[in-house]
Amino acid sequence: MNIVVIGGGLAAANAVAELRDRGYTGDLALVGAEPHLPYERPPLSKGLLLGSDEPDSVFVHDRAWYDEHQVSLRLGTRVTGLDRDRQRVQLGSEELPYDRLILATGSTPRRLPALEAGSVPVRYLRTLDDSLALKKELAGHVLLVGAGWIGLEIAAAVRQAGGEVTIAETAAWPLLGVLGPELAPLFADLHRSHGVDLRLSTSVERVEGAEVLLSDGTRVRPDLIVAGIGAVPDDGLATNSGLATDNGILVDARLASADPAVFAAGDVANHDHPSLGRIRVEHWDNAIEQGKHVAGSVLGDTAPYTRQPYFFSDQYDLGMEYLGHVGRDGYDELIVRGDRASLTLVALWVRAGTVIAGLHLNDWDAADSLRLLVGTTPENLDALRDESVPLPRPEES
C-alpha cells in the first residue's frame, strides 16, 4: 500500500509517525507547502514570540528522523490538484500515486483586505515565518484586530516586549463565545491591568494612510496592525476534487471521507464526533491526537475518535487549560470554584446534568480532575458546587 499525507503541521507529522509505529512498512510520503519541516504552532504566539523558545524547538522531528523512518519529504511543494478517480496527487507537472490519502492541510487566517488600504503594515500570524517576522516588530505601537486567544497572546507578548497595544474587538467581551459573560470579563481586566488599551464593541471603520479610524470615534496611528479574527479550513483541494466540504472536509467518526481512500485530520477535518456531533477543532491537542487516530483508520481500525477538545493558553503570569465543548446548545449552569480576584479557579459548564466543559486558571492540580469530569453525568452536582468537597482525582476513581 502507498500512503500520501498532505500537510506540514502536527496532524501530518503525527500521522506518519503513528503509521510507522503501527508497523506500516510501505511507501510513505509527506507533502508540505512550506519549506520547513512539520512543526508545532502554539509556540508561534507563545514561547517563540516571547523569545523563550528557539526556532528549532518547534519542529516535531528533525530531518534525520524522516530519513531513518523512510518518509519521503516533499517540502516547499504545493499540491495543484487531486484526481480521485486515478488516485493521483498533482504537483504541477508531476503526479504522486496513492492507495490511501490523508488530508491534513490545516487552516488559514481570515483576512481583512480593508485593513491593507492604508500605509500601516498588516500582519497575520499562522506560520513560522509569520512569527519570526512579527517578533522583530513588537516594540512599537501595535493595533490588534480581534481579542481571541491568538490576539490576546500577541498582546501579552507585545506588552512584555515593551510595546504599546490597542485592541479593537467587536464583541462585548474578549473570548465571549468560549467563556461566556461570567468569565470573559476576567480576561478584559487582566489585559487592562497590564496596560492594554482594550476597546470592546468596537470595529475598524477604515484606514486612511497612517491613521486608523475605529467605530467608537477614536483615531489611532499604530506602527503595525495585526489581524486575529479566526481561521478558515484550507479545504479548497478537497472541494475542487469533489469531496464533500462544509466548514472543512466532512469525515465520519473514524475521520474517513465519503471516498474510502481519503481521510482527513486536524484543523481541516469537520468530524462527526460520537457525543458532540459535527465539530471542527483548531487546537494543538486535536491535531496530535487526530493525526495518530487517522493513521489507525487508514490501516483498517474501525474505532471512532472520541477525545474531548482541549486547548491551553499562557498570558502574562496566567496559565489556563480548557477541556470540552459547549456548542450551540449552550449550558444550564456554570459552576465556579476558587478566587476570581486572584485568577485561580476552576469552572465547569453543565447541561442537562452533564459536565460538558471545564477549565482551570492557574490551578494545575485541577487538570486531571477536569479529564475525569468532562463528558460525564455526576450523581451529585451539589458536591461540585460545594468548594469544601475536593474535586475527584484519578486515584479516587
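In the predicted model, helix H9, formed by residues 284-298, lies across strands S1, S7 and S19. The direction of H9 is at about 165° to that of S19.

The three strands crossed by H9 belong to an open sheet of 5 strands, in which the order is S3-S2-S1-S7-S19 and the pairing is parallel. The edges of this sheet are formed by S3 and by S19 (262-264), each of which pairs on one side only. From one strand to the next, the twist averages 20°. A second helix, H1, also packs on the sheet, where H1 touches S1, S2 and S7. The direction of H1 makes about 170° with that of S2.

The pairings can be followed across the sheet, beginning with S19. Strand S7 (residues 100-103) is joined to S19 in the parallel sense, over 3 bridges. Within this pair, isoleucine 102 stands opposite phenylalanine 263 of S19. Strand S1 (residues 2-6) and S2 run parallel and are joined by 5 bridges. Asparagine 2 has aspartate 27, in S2, as its bridge partner. Strand S2 is also joined to S3 (residues 72-74), again by parallel pairing, with 3 bridges. Here valine 31 stands opposite arginine 74 in S3. In a regular strand, side chains point alternately to one face of the sheet and to the other.

Strand S2 spans residues 27-31, and 4 of its 5 residues are buried, so S2 is largely enclosed by the rest of the structure. A residue is counted as buried when its relative accessible area is under 20%.

Strand S1, helix H1 (residues 10-21) and strand S2 together make a β-α-β unit, and this unit is right-handed. The loop between S1 and H1 contains glycine 9. Glycine 9 counts as buried because its relative accessibility is 11%, and the cut-off for a buried residue is under 20%. When residues up to four places away in sequence are left out, glycine 9 touches Pro38 and Tyr39. Glutamate 54 is 45 residues from glycine 9 along the chain, and the C-alpha atoms of these two residues are separated by 18 Å.

Methods
Residues numbered from 1 in each chain as written. Predicted model: local features only at pLDDT ≥ 70, side-chain atom pairs only at ≥ 80, totals over all residues. Heavy atoms only, no water. Buried < 20%, exposed > 50% of the residue type's maximum accessible area, 1.4 Å probe, protein only. Helix = DSSP H or I, 4+ residues; strand = E, 2+ residues; numbered from the N terminus. Pairing = 2+ DSSP bridges. Right-handed = clockwise from strand over helix to strand, strands pointing away. Axes fitted to C-alpha atoms, helices over the stretch in contact; angles between N-to-C directions. Contact = heavy atoms within 4.5 Å.
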